[in-house]
Amino acid sequence: MNNRTETPSSRLEKPVAMFPKNHWYVAARSKEVGRELLARKILGKDLVLYRCESGEPVALSGLCPHRQFPLGKGTLFGDELECRYHGITFGPSGECLRIPTQESIPASCRLTNYPLVEKWEWLWIWVGEPELADSTAIPDMNDLRLGEEGWRAMDNGTFRFESRIQLSIDNLMDLSHVYALHFPAGLMRDIPPPKVHSELHNNRWTVTTETPVPADEFTKTLFPDCGDVVYSKFSSEFVSPGLVKAVISTHRMNADFTPGEELGTLIFPHALTPETATSTFLFMAETRNFSIHDTSIEPALLESNMRILHEDMEALELIESHTSAEIEYITSVRADAGALRVKKVIDEMIAAESAANAG
Ligand code: FES
Ligand SMILES: [Fe+2]
């Protein structure tokens, strides 16, 4: 008898990625890109990133046009990138500068140079139609409260999920999961049902989720006089296919179970970038409007964020591992309304790009 677990072939054959391409995505954090070559796959494309001697960041196609050697394994000489395999050399605009064995340079021997813009501590890339790249469309960092007065911003790092971007967007656009996944199991049996509301606000789908919750040790570390129960308000805004702004406001709770004075707000801009059809980079920042000069709370903040992030990562990777090409959502509930609307917006963007390419 064969005891091997059979994997349905449909689970092995996952699709070629379909993402809206004509948008800005974060390719890397500023500090990840320097004078060492960084190989990274973005929206299914192999890229290589580095900084010129002037500090200018560069993103080029990452496979040598000669024999497809990964250029992340090449060598930088000044601003020139030399392929390690046969020594063909490229400049930062992607032009071929030298072929060691001949004088002439075929037109096909060049790399693609992708628009790359540094904003806050992120490098935003455009891999869509080059003539449509408009850097004014990069999300506004002030709106995210990154680098704004009265707020203290932290760069929480780069993370890679073995799961498709859709799962991350679903996760962020329904923050009612926080009470189930990130609090002790069973909490939702004891708290009032969270109120969930989705609306189109300033042209962005926004979902708010709110309810009183017991103040745990972490909440008491941040807000020592918060009492035993606080009123928590979450909101998530779909800013672009590569960015979701998650906001967590903690309030005192009034005697009638309504929100009272705000104790503080944390904003978590989540920059999401597809790597492949089934893997995603997350560049996560965090900014707060309380205790902005008190860095002693930051280790606790970071520890809490990493725990939450890994709980999300484990959940999404588990779903991905049991999912085939199309995710089958057999049941949706009211709390999914915002996430479903965002999915529709993204599907329409993909369809519009496909139609434009076909036309
Ligand atoms: S593969 Fe790069 S020079 Fe040959
Ligand atoms: Fe989560």
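This is a conversation about a predicted model, with questions on how its features get their labels.

Biologist: Let's start with the domains. Which stretches does the domain assignment give?

Modeller: The assignment gives domain 1 (24-137) and domain 2 (147-357). Their C-alpha centres lie 33 Å apart, and the contact takes 17 residues from domain 1 and 21 residues from domain 2.

Biologist: How much area do domain 1 and domain 2 bury between them?

Modeller: About 1,400 Å², with 64% of it on carbon and sulfur atoms. On the side of domain 1, Y25, W120 and W122 supply 38% of the area buried against domain 2, more than any other three residues.

Biologist: Which residues have the most contacts inside the largest nonpolar core?

Modeller: They are L49, W122, W124, I125, I169 and M173, in a core of 75 residues. This core draws at least three residues from each of domain 1 and domain 2. Apart from it lies another core, of 17 residues, with V58, C83, I88 and C109 among them.

Biologist: I169 caught my eye. What does I169 touch?

Modeller: Not counting residues up to four places away in sequence, I169 touches F238, P241, L272, V342 and I346. I169 is also one of the buried residues of α2, along with I165, L167, S168, D170, N171, L172 and M173.

Biologist: Why is helix α2 called largely enclosed?

Modeller: Eight of the nine residues in α2 (residues 165-173) are buried, so the rest of the structure largely encloses this helix.

Biologist: Now for the metal. What are the protein donors of the iron ion (ligand 2)?

Modeller: The donors are H177 (NE2), H182 (NE2) and D312, which gives two OD atoms. They lie 2.1 to 2.3 Å from the iron ion, and the cut-off for a donor here is 2.8 Å, so these atoms qualify.

Biologist: What makes the site irregular?

Modeller: The angles among the four donor atoms run from 57 to 143°. A tetrahedral site would need all angles between 85 and 135 degrees, and a square planar one would need opposite donors over 155 degrees apart. The site fits neither description, so it counts as irregular.

Biologist: How are the donor residues spaced in sequence?

Modeller: The spacing is H-x4-H-x129-D. H182 lies in helix α3 (residues 177-182) and D312 in helix α5 (residues 298-321), so this pair ties together parts that are 130 residues apart in sequence.

Biologist: How do you know whether H182 and D312 are buried or exposed?

Modeller: Buried means under 20% relative accessible area. H182 has 7% and D312 has 10%, so both count as buried.

Biologist: And why is F69 called partly exposed?

Modeller: F69 has 23% relative accessibility, while partly exposed covers what lies between 20% and 50%, so the label fits F69. F69 is in the loop between β4 (57-61) and β5 (75-77). Beyond its neighbours within four places in sequence, F69 is in contact with G62, L63, C64, C83, R84 and Y85. The C-alpha atoms of F69 and Y85 are separated by 6.7 Å, with the two residues 16 apart along the chain.

Biologist: One last stop: what makes the phi of N202 worth pointing out?

Modeller: Most residues other than glycine have a negative phi. The phi of N202 is near 50°, a positive value, and the phi of N203 is near 70°, also positive. N202 lies in the loop between β13 (195-201) and β14 (204-214), and N203 is found there too. Exposed means over 50%, so N202 at 65% and N203 at 71% both count as exposed.

Conventions: Residues are numbered from 1 along each chain as its sequence is written. Chains are lettered from A and ligands numbered from 1 in the order in which they are written. This is a predicted model: local features need pLDDT of at least 70, side-chain atom pairs count only at pLDDT 80 or more; totals for chains, interfaces and linings use all residues. Side-chain values use heavy atoms; hydrogens and water are left out. Buried means under 20% relative accessible area, exposed over 50%, partly exposed in between (1.4 Å probe, protein chains only). Helices (H or I, at least four residues) and strands (E, at least two) are DSSP runs, numbered from the N terminus. Donors are N, O and S atoms within 2.8 Å of the metal (3.2 Å for Na, K and Ca); water is not among the atoms, so sites may look incomplete. Four donors count as tetrahedral if all angles lie between 85 and 135 degrees; four count as square planar and six as octahedral if opposite donors are over 155 degrees apart and all others between 65 and 115; anything else is irregular. A nonpolar core is a set of buried Ala, Val, Leu, Ile, Met, Phe, Trp, Tyr and Cys residues joined through side-chain atoms within 4.5 Å. Domain bounds come from an automatic or database domain assignment. Contact means heavy atoms within 4.5 Å. Buried area is the accessible area (1.4 Å probe) that two parts lose on being put together, summed over both.
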